[in-house]
Amino acid sequence: MRGENKRSVIVGIFVFIGIAILVAGILTLGGQQKKFVKAIHLKAVFDDIGGLQTGNNIWFSGVKIGTVRKINFYGDSQVEVEMNVEESVSEFIRKNSKATISSDGLIGNKIIVIYGGSTDYPPVQEGDRLEAVMPLDTDQMMETLQVNNANLVEITADLKVLTGKLAAGEGIVGAVMTDSTLAIRFKQIVANLDRASANSNRMLAELNTFAGKLNKEGNLFNDLATDTEIADELRSTIASFKASAENTQQLTKKLEEISSKLDDPNSALGTMLNDPAFAESLKSTLQNTDSATFNLNRGLEALEYTWPFRKGFKRKAKEEEKVSGN
Amino acid sequence: MAEESEDKKPLLSKKIDKFFTGLADAWNFVRRFFQEVLLPPYEFKEVIHQCYRIGVESLPLISLTGFIVGIVFTNQSRPSLSEFGATSWLPALISIAVVRAMGPLVTALIAAGKVGSSIGAEIGSMKVTEQIDAMEVSATNPFKFLVVTRVLATTFMIPMLVMYTDFVALMGSFINVNKNELVSLSTFFVQVFDSITFLDVFSSVIKSVVFGFTIGIVGCYKGYNSSKGTEGVGRAANSAVVMSMFLIFIEELLALQIVNAIRGM
């Protein structure tokens, strides 16, 4: 009887532990898959869900926040996906957030990723519909790849022709590759180019040094480039130059007028400058004036010794002596 | 005389007739079980006794098997996954394999070998030694006392054993994964529960109930219908194991189709 009791207790413990494992498993599973948390329902309409299934995860900022609840056809051929999203997370998802279909890893299950949304918009509420963004379609990728493949085939075909010509020594490159003298000359050209390149490098270095010197503070060019006051002064100087140039132009104009008048034989100066008869007459007049002056000087010297002017001249000579004596 | 010879004449062929007769007998046996299980008196003590024998006494063997299965399956899966750098998927792979299929299947097969054969042999020997007839004479319902109790015990205990097997197999897998991939216990179980669903758990439980019922009913049927002395007892034990295992695989196949159909809804 006691043995039977013992057996009953052991069987009870056995069953209890078995059920406990089951219940713990169910609770852990439910907790992890958010089955027992309060959830709100959000919707998104996609053109193509790419194999998304009920129960697939929903991620927001890389965190699992719910699961796909239901998948229904919508409209003509679109698909409406209903999502269970944790109520506690809903305050972070804004009404302008977007939903797209992605995958958990490279070859993982399909997931819905909610992203975006700005704080200008209020948080989502029960039954809200999020804007669906279509994911990158693998079929389209394959189509593009197919075009690339076709291009690649054409390119390789062209390359084949090209390499054939090269091997046959056609064209410049082919000739260089096959003709030894051309190759040597080509090498020389390359060597020259190399030297030129070295020279240009050196020149660039010198230019760099020169530019560095120009860029030093206190240098005129640097001041011109950087000092705003000098620039203003230069502007005003240039304006002054401009005004001077205008004045000079006017002066030149007037000088030209004077010159033209001087050239005019009707004017007095023109006659003086240009008329040879007048010049001859003026010459003889000056000669006459010269001889008249000579005669006048002689007359005046004679006058010095003549009464009543003699006394006056003597007094003047005495004053001059006094001044030179002092 | 002519009527007798007509009775002995097979309907289709001897073997085919025997097969269908056996099928009809099995059907009647199952039907009788469902009739007897609902009617009093209820043999609770015997049920608990059988639960002890089938459940508790099988636990060490089942646990060891489950533990080894967990380790071996993890080790065997690693090279394939590591080929494309996906050893981090080991917990998910093992959990799906253990919970969906290996836990119930391994437990049921071990139980079919250990429990099914013992039920077949035990009832078979009682049958050939006419103990069952003696019970009938002493106003004890042998079907209720021997068959119903054992079938109920296997039906209840196999799901319990499956829970243990699942847990122990996952722990075995964890030890292996922890040693090689340095995954912590919490991370391991997060990945385990992330990859399985309620459908997996419930289908596993329902499947193990069906497996338990199959082991019990087949063992009892084979033992109850054994004949030809000790040879018959051996044959009953043997055929109980073979038939149980065969039916378990058939049921596993059907369950897989049904669960996949539900999953696709």
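**Entry 1: chain A overall**

I began with burial in chain A and found that buried residues make up 10% of its 326 residues. I note here that the model is predicted, and I keep that in mind for every entry below. Counting secondary structure, I found nine helices and seven strands in chain A. I then looked at how far apart in sequence the contacting residues lie: of the contacts in chain A between residues at least 6 apart, 52% join residues at least 24 apart.

**Entry 2: the strands of chain A**

I followed the strands around and found that they form a closed barrel of seven strands in chain A, in the order β1-β4-β3-β2-β6-β5-β7, with mixed pairing. Ignoring direction, neighbouring strands of this sheet are turned by 35° against each other on average.

I took the pairings of β1(A) in turn. Strand β1, residues 39-46 of chain A, is joined by eight bridges to strand β4, residues 78-86 of chain A, and the two run antiparallel. To fix the register by eye, I noted that Ile40(A) stands opposite Val85(A) in β4(A). β1(A) is also joined by two bridges to strand β7, residues 129-133 of chain A, and this pair runs parallel. There I located Ala44(A), which stands opposite Leu130(A) in β7(A).

Elsewhere in the barrel I checked strand β2, residues 57-60 of chain A, which three bridges join to strand β6, residues 110-115 of chain A, in a parallel run. The residue I marked for this pair is Phe60(A), opposite Ile114(A) in β6(A).

**Entry 3: chain B overall**

I turned to chain B and counted ten helices and zero strands, so written from the N terminus on, the elements read α-α-α-α-α-α-α-α-α-α. Of its 265 residues, 40% count as buried. I made the same check on contacts between residues at least 6 apart in sequence, and in chain B 87% of them join residues at least 24 apart.

**Entry 4: how α7(B) and α9(B) pack**

I asked myself at what angle the axes of α7(B) and α9(B) cross. They come within 7 Å and cross at roughly 150°. The two helices are therefore roughly antiparallel to each other, and their crossing is right-handed.

I then listed the residues that meet. From α7(B) they include Leu146(B), Val147(B), Arg150(B), Val151(B), Met157(B), Ile158(B) and Val162(B), and from α9(B) they include Val205(B), Val209(B), Phe211(B), Phe213(B), Ile217(B), Cys220(B) and Tyr224(B). Sorted by class, the contact of α7(B) with α9(B) has 16 nonpolar, six polar and one charged residues.

**Entry 5: where chain B touches chain A**

Last, I looked at the contact between the chains, which takes 19 residues from chain B and 16 residues from chain A. On the chain B side, at least two residues each are supplied by α3 (44-56), α7 (142-181), α8 (185-195) and α9 (198-224). Which helix gives the largest share of the side of chain B that touches chain A? I found that α3(B) does, with seven residues. By class, this side of chain B has 14 nonpolar, three polar and two charged residues.

Terms used. Residues are numbered from 1 along each chain as its sequence is written. Chains are lettered from A and ligands numbered from 1 in the order in which they are written. This is a predicted model: local features need pLDDT of at least 70, side-chain atom pairs count only at pLDDT 80 or more; totals for chains, interfaces and linings use all residues. Helices (H or I, at least four residues) and strands (E, at least two) are DSSP runs, numbered from the N terminus. A residue is buried if 20 or more other C-beta atoms lie within 10 Å of its own, exposed if 12 or fewer, and partly exposed in between; C-beta atoms are placed from the backbone. Two residues are in contact if their C-beta atoms, placed from the backbone, lie within 7 Å. Ala, Val, Leu, Ile, Met, Phe, Trp, Tyr, Cys and Pro count as nonpolar, Asp, Glu, Lys and Arg as charged, and the others, Gly among them, as polar. Axes are lines fitted to C-alpha atoms, for helices over the stretch in contact, and angles run from 0 to 180 degrees between N-to-C directions. Angles under 35 degrees count as roughly parallel, over 145 as roughly antiparallel, 65 to 115 as roughly perpendicular and the rest as oblique. A crossing is left-handed if the near helix is turned anticlockwise from the far one by less than a right angle, and right-handed if clockwise. Two strands pair if DSSP finds at least two bridges between them.
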